[in-house]
Structure formats: structure tokens, C-alpha cells
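Please examine the structure shown below. The paragraphs that follow lead from one helix to the loops on which attention then falls.

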Amino acid sequence: MPLSLTVAAWPGLTPRLLRVGSETYDDYVATGGYRDLHDPDGLLDEVERSGLRGRGGAAFPMAVKLRTVRNNSRGRGGAVVVANGEEGEPASIKDRWLLRNRPHLVLDGLRLAATIVGAQRTYVYVSDPAAAASMESAVAQRNAVPSVEVVTVAPGYVAGEETAAVRAINGGPAKPTDKPPRPFEQGVATLPTLVSNVETLANLPYLHAHGGQEFRSIGTADSPGTFLATVTGAGRAPALYELPHGVRFADVLELHGVPAQMATGALMGGYFAGLLGPSVLDATLDHEALRRLGSGLGCGAISILNGDCPVAVAAAVLAYFDRENAGQCGSCFNGTAAMAAAAGGLRDGVATGDDLTRLRRWSRELRGRGACATLDGAANIAASLLDQFPAEVTRHLENGCPACQSGDFITLRPYEVEEVMMA
């Protein structure tokens with residue numbers, strides 16, 4: 001039976017992205033959606049003033065991406081904008097929720113971005129069939145200019161990488177390509193292409209209506225605005241929260257109904273940013289604070305460790321990366337397999353000190369190799385396990401772990417947000 005997803009905004013926060021129920025075209029227009037854009041340059045200035053960062057994982061400044069694609073498109077026959085909703089992170093559901101429940105908000109953001117960069121062609125790139133159907137229906141209702149095409153691909157961890165999206169739209173497989181060129185230089189149909197996460201685009205209508213200064217009224221100086229957080233783990237049903245940047249992790253635990261003393265750490269930012277130990281209990285959820293801890297907010301997915309052995313969690317995530325890598329780059333194909341084997345051996349009580357030495361070396365030396373960041377994500381998991389949970393690692397090495405020996409945490413996709421009731 002599908003789980004029920006909790007969808008809620010931070011107490012006292014007027015939500016900018018979440019709403020109750022699915023929106024129709026009439027609903028969206030009645031609340032000020034699709035307002036005319038008379039000054040694209042002015043909106044770009046407001047985006048820059050807002051400090052909006054990408055919500056797909058890299059947290060890159062949105063204004064820089066917009067300005068770069070716009071400048072590169074001059075004399076090139078225009079540009080292309082891709083709304084990237086291929087949510088490859090198993091522990092995240094925010095993009096699917098937006099595409100299914102707020103399709104016109106996403107389309108409006110796509111329209112605004114396209115107008116800023118001068119794009120005549122736009123795409124919505126997804127793998128979830130329900131999201132694709134929702135967007136197709138919204139496109140038909142809107143009869144949008146510029147035109148919008150919904151492109152659906154098979155789901156996969158690497159399918160959401162920006163060059164994989166471009167490659168798939170161009171008719172190839174949804175797998176990353178070597179860089180350069182990057183999409184902003186040469187993307188769909190060889191045109192400069194803005195590939196932007198759907199949550200990032202969904203912030204543009206608010207900026208258009210209220211301006212950059214109002215956008216910054218919530219959040220922190222370096223992480224302004226709100227973000228969507230998918231919270232899983234601790235034996236609770238998954239939840240999607242709209243949170244102001246800068247809230248305390250411990251307060252999010254309370255909102256989620258998890259006593260702070262029950263949490264032993266977290267898997268942050270989906271599978272990419274790595275594990276954090278008990279230090280996360282004193283952290284705030286913003287880019288700068290998590291960066292100081294050696295982690296990151298990523299796509300906003302937060303999985304709470306509550307009695308789950310971190311060694312078993314790391315082994316499961318590394319095994320996932322081993323299965324899901326694109327199989328195109330030797331360093332990634334072999335590197336993820338080697339790290340998964342070492343972590344699996346540690347979980348199963350058969351690893352040696354030499355195995356740990358190799359795992360630590362791989363977690364440092366394999367970074368930055370390959371066509372995409374999959375290997376970086378695997379290295380983050382391995383390094384953070386060794387750095388954040390040294391006592392647990394030593395216990396596995398010396399005496400084994402009763403919980404792991406009993407198979408308490410055996411899963412192919414840790415903290416996966418399975419098909420849920422999302423209305």
C-alpha cells in the first residue's frame with residue numbers, strides 16, 4: 001500500500017513553493033501566475049540581487065547561469081532552456097512533487113528563464129510517468145510561447161546529470177558526456193543551453209512578483225530563500241517540508257517527530273554529500289554551515305540515522321553507485337566497484353586494515369575523474385564514513401557488528417522514497 005507523504009511548510013512560514021492539492025491553470029492565473037514580463041534584464045538583475053542558488057545539488061548561482069547562456073547565445077541563433085526534473089536521487093521526491101502538483105509554477109519559471117536568455121525552444125526533462133502526464137496536460141492548457149516539449153527517459157542516477165539530459169534530448173542515451181563543451185557553451189542542437197533544476201525555476205515567479213530583496217527576507221546571507229527538504233528515516237513516513245535556509249537540524253527533527261537523542265547522524269543531500277555524525281545535531285541547514293562540516297545540502301534530501309549502522313548505510317550506498325554508474329569511464333566503473341567491495345567487506349566483518357587503507361586512499365585520489373560526479377559521490381560516502389564514524393569502523397574491523405550480522409540494514413536503495421500518495 002502506498003505511503004502517505006507529509007507535505008508541510010515550516011511553522012509560521014508562508015510557503016512559496018508548496019500548496020494544498022494540485023493546481024489548475026485557472027488556479028495559478030487567479031493567484032497572479034503568468035504575469036507579463038516587460039523587462040527581462042530587470043528580472044535578471046533581481047535574480048542576481050536575490051542570491052538564488054541552484055536547488056539540484058551544486059548550488060551554483062542562478063544569475064550567473066542565466067547571464068552566461070544569454071551572452072553565449074548572441075549571434076548563435078538563440079538558446080535552449082531545459083527544466084531538469086529527472087530526480088535521480090532515490091531519497092528525494094521534491095521535483096516529482098512539483099511536477100505533479102505545481103506544473104504551472106514550473107512552466108512559469110521555465111517561461112521566465114527562456115525570456116531572459118532569449119530561448120525559442122524549451123524542454124521539460126523527466127523520468128516519472130505521472131510527472132510527464134501532469135506536465136503534458138499543463139502545456140496543453142497553457143499553449144505556451146516559446147514552445148515546450150516534454151521529454152521522458154528511463155530513470156537512473158546519472159540520467160539527471162546536465163550533459164546526460166542534453167544528450168538524451170539530442171536523441172542519444174541518457175548518459176553523461178565528457179566536458180568541455182558544457183551545455184552553456186554547446187548543448188541541445190549545438191545551441192547554448194541552460195539546464196536548470198525544476199525547483200530552481202519554480203522560484204523565478206516569486207522573484208518576478210516580489211523582487212530579490214523580498215526573496216532574501218528569509219534564509220541566510222549566503223543561502224537566501226527557502227528550500228524543499230525530503231526527510232526520510234527514523235522509522236517515520238517520508239515528508240516534504242519547505243524550510244527557510246538556516247533552520248537548526250535539531251528543530252527539523254522535532255518538526256518530523258523524532259527526538260534529538262534518537263538521531264545518531266544523517267545522510268545529507270541525497271547520496272552525494274556523505275554521512276554526518278552527531279555533530280549534525282548542532283548544525284544549521286544552509287550551504288555555508290554544512291560546508292564547514294565537510295558536507296552539503298545537495299538536493300535537500302535528509303535521511304536520519306536512528307540506530308542504523310553507518311557502515312551498513314555506506315556499504316549500501318556504495319553498492320548503489322557501483323550498480324548505477326554509466327559504465328563509460330574506467331576510473332568510475334572500477335573505482336565504485338572497489339570502494340563498494342571494501343565497504344561491504346567491512347560491513348560483513350571480513351575487511352582488513354589494508355582494505356581500510358585502500359578505501360581511504362581511493363576516497364581521496366579518485367575525486368574529479370570521469371565524465372560526471374558519480375565517483376565524487378562515492379568518494380564522499382567512503383571518506384565521510386571513515387572520518388565521521390571512526391569508532392564504528394574500528395568495531396567492525398575488530399569485533400564485527402551484531403546489527404550487520406543479523407542483516408538489519410540490507411537494502412538496494414537506502415532511504416528510497418517509494419511511490420507515495422503525494423496529493
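**Helix H6 and two loop residues**

In this predicted model, helix H6 has 14 residues, which at 1.5 Å a residue should span 20 Å; the C-alpha atoms at its ends lie 20 Å apart, so the two values agree. The buried residues of H6 are Ala131, Ala132, Ser134, Met135, Ala138 and Val139. Because these residues cover an arc of only 165° around the axis, they are on the same side of H6. Their packing partners are helix H4 (94–101), helix H5 (103–117), strand S4 and strand S5 (147–152). On the face turned away from this buried side, H6 carries the exposed residues Pro129 and Ala140. Just after the helix, asparagine 143 adopts a positive phi of about 50°.

The loop on the other side of H6 in the sequence, between strand S4 (119–126) and helix H6 (129–142), contains aspartate 128. Aspartate 128 has a relative accessible area of 12%, and since a value under 20% counts as buried, this residue is buried. Leaving aside residues up to four places away in sequence, aspartate 128 touches Arg96 and Arg100.

A second loop residue may be read in the same manner. Histidine 256 lies between helix H11 (249–255) and strand S9 (265–268). Its relative accessible area is 3%, and histidine 256 is therefore buried. With residues up to four places away in sequence again excluded, histidine 256 is in contact with Val231, Gly233, Arg236, Ala237, Ala239, Tyr241 and Ile304.

How values were computed. Residues numbered from 1 in each chain as written. Predicted model: local features only at pLDDT ≥ 70, side-chain atom pairs only at ≥ 80, totals over all residues. Heavy atoms only, no water. Helix = DSSP H or I, 4+ residues; strand = E, 2+ residues; numbered from the N terminus. Buried < 20%, exposed > 50% of the residue type's maximum accessible area, 1.4 Å probe, protein only. Contact = heavy atoms within 4.5 Å. Expected span 1.5 Å × (residues − 1). Arc of directions from axis to C-beta.
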